[in-house]
Amino acid sequence: MKYLFPAFFLITSFMLPKVTSLKQFNWLEGRWKMENKEVYELWQTMNDTLMTGMGYHIELEEEEPGEFDEEVKFDESIRFVKREKDFFYIPRTVTQNNGHEIEFKIVSSTKTSFLAINPKHDFPQRIFYERKDEKRLHAYIEGVVNGKNKRIDFHFIKINQ
């Protein structure tokens, strides 16, 4: 089973047309809220070679008994960049990798999805995004941890804010 993933990536990279413009990923733009959680991603195109993303969550803090204040907590910044003929998904979190960015190369994509990999990263090694329709986005991260496959799914709904 561990040999299935590299073979799949090799085959799909030859079958899919090569992406030449960052515009192909515009479907990711906007504000997305994770289903049943106060977790968000915000994506925007900056120029022809850069798209930025930000992951954050909202915590309620009780100011006085019965009165709550919302506090936005930053989780992750993401750069989606084009360098020459390649695209990269580059996240940075304060709590992982000593706050350094980690590059994941986009190895396959369609008009509504992409797969990014970094086989040398501890976890995840693969990041996948797919727009299901105009209002729903599915993403997951996966990889091998302690010799076992691990996958975490994220389901988002687009919001108009």
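Me: Why is Glu-59 called partly exposed?

Reply: In this predicted model, Glu-59 has a relative accessible area of 32%. Partly exposed covers the range between under 20%, which is buried, and over 50%, which is exposed, so Glu-59 at 32% is partly exposed.

Me: What makes Lys-73 and Glu-59 a salt bridge?

Reply: The N to O distance between their side chains is 3.9 Å. The cut-off is a Lys or Arg side-chain nitrogen within 4 Å of a carboxyl oxygen of Asp or Glu, so the pair qualifies. Lys-73 lies in strand E4 and Glu-59 in strand E3, so the salt bridge ties together parts that are 14 residues apart in sequence. Glu-59, Glu-71 and Lys-73 are also linked in a network of salt bridges.

Me: Why is His-57 called buried?

Reply: The relative accessibility of His-57 is 19%. Buried requires a value under 20%, and therefore His-57 counts as buried. This residue lies in strand E3, residues 50–64.

Me: How do you know that the side chain of His-57 makes a polar contact with the side chain of Asp-75?

Reply: The two side chains are paired at 2.9 Å. A polar contact needs N or O atoms within 3.5 Å, one able to donate a hydrogen and the other to accept it, so the distance of 2.9 Å satisfies the cut-off.

Me: Why is Glu-134 called exposed?

Reply: Glu-134 has a relative accessible area of 58%. Exposed means over 50%, so Glu-134 belongs to that class. Glu-134 also forms a salt bridge with Arg-131, with the closest N and O atoms 3.9 Å apart.

Terms used
Residues are numbered from 1 along each chain as its sequence is written. This is a predicted model: local features need pLDDT of at least 70, side-chain atom pairs count only at pLDDT 80 or more; totals for chains, interfaces and linings use all residues. Side-chain values use heavy atoms; hydrogens and water are left out. Helices (H or I, at least four residues) and strands (E, at least two) are DSSP runs, numbered from the N terminus. Buried means under 20% relative accessible area, exposed over 50%, partly exposed in between (1.4 Å probe, protein chains only).
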